[in-house]
Amino acid sequence: MQNTGAVQEWSRMDTRGPRQSTARDKLLRYIGSSLRYAVLIFFTLVCITPLFWVIASSLKTTGQIAANPLGFPTEIRWDNYIEAWTVGRFGKYFKNSVIISVPIVTFVILLASLAGYGLARLRFHGSNFVFVLFLLGLMVPFQSIMIPLFYILKDIRFLGTYWAMIVPSIALGMPFSIFFMRAYFSGLPQELGDAAEIDGCNEFGVYWRVMLPLAGPAVSALVVLQFMGAWNAFLLPLIYMQKEEIRPLVLGLMFFRSRYTQNYPLTMAGAAIVMVPIVIVYLVFQRRFVQGLTAGAVK
Amino acid sequence: MTTAAPVRRGQLSPRAKRKAIAGWIFITPAILIYAFFFIQPFFYSIYYSLTDWNGADPVKQFVGLGNYIKLAGDSLLWQALGHNLIWVIIGTVSPIAIGLLLGVLIWTGALGRVLFRTIYFLPVILSEVVIAIIWNWIYHPLFGAVNQILRGIGLDHLARGWLGDPQTALLALLMTAIWAYYGFCFVIIMAGLQNVDISLVEAATIDGANGWQRFIHVIVPQLSHVLTMITAFTLIGGFNVFGIVFVMTQGGPGTATQVIATYTYRKAFQESQVGYGAALSMVMTVLSLVTSYIFIRLRERQEQ
């Protein structure tokens, strides 16, 4: 964002220019600026309108949908949400999603920050090899391991329990998270850790009391990204979490939709229930989302 | 605490030794879980792909490269790969082009950049199932927005069941994927634009370059890092695409939208051809690894 001033200066130069402003220039500038905003607003509508349809349809009756599929609801029907929550069992699925996401996020952060710190700050024999091993994991898609993982989870009796999603998700979260935390810890000043060491902290103390608190921005970016990943995961629960009682929201929504194909208001209410928590997290922690996603890309 | 007496016989000092031990302890939990639930199944995938196991038999019959020979002659696989190829080409070029357009429009001086960014990124955070439901609704033959608009402007003859028609189904899915993804490209490009050297753009303006020339010759080269990165990301995503296709069309009608990931899922988990499914998953693995490798080399070359 440091460049903002310069950008504005440049655009002013570009449009107003040192030359004398003639009527023709003014007109061109006006057209250019209108076109610019027309494009930007067009894509804004492209993003938002479909989401509006979800909310609007979720508040209609089936009859209203048929009569007026795309407009505002003429009479708001909250009952769809109550029905989806209870009859559609979205309440249950919501609870499942929370039970699954919380430990995934917690353990990914804990394990990845420990490992990232170890790799960044505690040079040891073989640390490069270990790091490359994790980096390779960034290039291997989940599909490469999904089949045998099913039978491994079956053998250790995780299938049919929450563990079938929690534990593999932690493992799958390792490569990116370790990469991310290692990069952040490498950028922190070494002197702070040394000072704490002189004050009598052991290695764990340095990590836990000094470095981890300093890595706050990286940790919160990772929390947001991992939460989104866990909440939205689809293929993994589709394979390992088919049992009805343990389904997370996303999977519950998919099965609900195939059972109630014609009941659009209820399906849309279900979609809204899946969507709203993540949208709220996004709006609150926007900056962290963007930081997390752009980290590494721009370096 | 042994602070004095540096023992240097080609050995580590006590402090370095302590750090090395701590390093191993710090990394161990992550390694254990990663080894058991990632590395182990990866090698099992290779092993399964060399058997004709059906997921239930106690014995896994070793068939050598049999599955891979079968792959070469599997017309359904080649059709699916063709769909992935279309997906990768259109699905990479379009969102990056849209992201670039929006990025440059905002960067060169639009008000409300945070607001636009917030909105453009919104579809990126949605679950694939939600996206699929939204777009199934948009493509609905009767009530869907696409057909409503077409009828509204008198193009009734173009209205159709977009997902039920083999001619249009794949493109309809692609539109969905592009919608869900261009915000991601936009945000990354915006971040990259923060590092573009304004003075070069100014210099080009003074030299009389028009907007398009400035864009192609001054801005895009400075974004090459970022563009390489998103291209790699999107290509790999395109080879592995699953959720949107699976929920919206299940690979149909017929096999008109079958991609390699849905085909693999079908073989391994619905038709119990675990060995063959594992061989298919190896095709995806190789595609991802080769793409990553090419882009890592490209990036190295850019850095020189």
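Domain bounds here come from an automatic or database domain assignment.

**Figure 1. Welcome to the two domains of chain A in this predicted model.** The assignment for chain A gives domain 1 as residues 4–58 and domain 2 as residues 82–294. Between the C-alpha centres of domain 1 of chain A and domain 2 of chain A there are 38 Å. Where these two domains of chain A meet, four residues of domain 1 are in contact with seven residues of domain 2. On the side of domain 1 of chain A that touches domain 2, two residues are nonpolar, two are polar and none is charged.

**Figure 2. Here are the two domains of chain B.** Chain B is split into domain 1, covering 1–48, and domain 2, covering 67–303. The C-alpha centres of domain 1 of chain B and domain 2 of chain B are 40 Å apart.

**Figure 3. This view takes in the contact between chain A and chain B.** Chain A brings 80 residues to the contact, and chain B brings 78. On the side of chain B that touches chain A, the largest share belongs to H1(B), with 20 residues. Sorted by class, that side of chain B has 54 nonpolar, 21 polar and three charged residues. For the complex, the predictor gives an ipTM of 0.89 and a pTM of 0.89.

**Figure 4. Zoom in on one place where the chains meet: helix H7 of chain A with helix H1 of chain B.** H7(A) spans residues 146–155 and H1(B) spans residues 14–48; their axes come within 7 Å and cross at roughly 110°. An angle from 65 to 115 degrees counts as roughly perpendicular, and H7(A) and H1(B) are therefore roughly perpendicular to each other. The crossing of H7(A) past H1(B) is right-handed. From H7(A), look for A:Ile147, A:Pro148, A:Leu149 and A:Ile152. From H1(B), the contact is made by B:Phe37, B:Gln40, B:Pro41, B:Tyr44, B:Ser45 and B:Tyr48. Eight residues of this contact between H7(A) and H1(B) are nonpolar, two are polar and none is charged.

**Figure 5. Helices H9 and H10 of chain A pack against each other.** H9(A), residues 190–198, and H10(A), residues 203–214, have axes 10 Å apart and an angle of about 130° between them. H9(A) and H10(A) are therefore oblique to each other, and H9(A) passes H10(A) in a right-handed crossing. On H9(A), the meeting residues are A:Leu192, A:Gly193, A:Ala196 and A:Glu197. Their partners on H10(A) are A:Gly205, A:Val206, A:Arg209, A:Val210 and A:Met211. The contact of H9(A) with H10(A) counts five nonpolar, two polar and two charged residues.

**Figure 6. Helices H11 and H15 of chain A make another packed pair.** The axes of H11(A), residues 216–232, and H15(A), residues 286–294, lie 8 Å apart, with an angle of about 90°. That angle makes H11(A) roughly perpendicular to H15(A). You will find A:Ser220, A:Ala221, A:Leu222, A:Val224 and A:Leu225 on H11(A) meeting A:Arg288, A:Phe289, A:Gln291 and A:Gly292 on H15(A). By class, the contact of H11(A) with H15(A) has five nonpolar residues, three polar and one charged.

**Figure 7. Two spots in the backbone deserve a look: A:Arg89 and the bond between B:Gly252 and B:Pro253.** Most residues other than glycine have a negative phi, and most peptide bonds are trans. At A:Arg89, phi is positive, near 65°. This arginine, A:Arg89, sits in the loop between helix H4 (79–86) and helix H5 (90–121) of chain A. In chain B, the peptide bond joining B:Gly252 and B:Pro253 is cis, with omega about 0°. B:Pro253 lies in the loop between helix H11 (243–248) and helix H12 (260–270) of chain B.

**Figure 8. Finally, a view of the predictor's confidence along both chains.** Chain A has an average pLDDT of 87, and 91% of its residues score at least 70. Among the elements of chain A, helix H1 (residues 4–15) has the lowest mean pLDDT, 45, and H7(A) the highest, 96. Over residues 1–18 of chain A, pLDDT stays under 50, and the model has 17 contacts beyond four places in sequence for this stretch. For chain B, the mean pLDDT is 90, with 96% of the residues at 70 or more. Among the elements of chain B, helix H8 (residues 198–206) has the lowest mean pLDDT, 84, while H12(B) has the highest, 96. Residues 1–8 of chain B stay under a pLDDT of 50, with three contacts beyond four places in sequence.

Technical notes: Residues numbered from 1 in each chain as written. Chains lettered and ligands numbered in written order. Predicted model: local features only at pLDDT ≥ 70, side-chain atom pairs only at ≥ 80, totals over all residues. Axes fitted to C-alpha atoms, helices over the stretch in contact; angles between N-to-C directions. Helix = DSSP H or I, 4+ residues; strand = E, 2+ residues; numbered from the N terminus. Parallel < 35°, antiparallel > 145°, perpendicular 65-115°, else oblique. Left-handed = near helix turned anticlockwise from the far one by under 90°. Nonpolar A, V, L, I, M, F, W, Y, C, P; charged D, E, K, R; others polar. pLDDT = per-residue confidence, 0-100.
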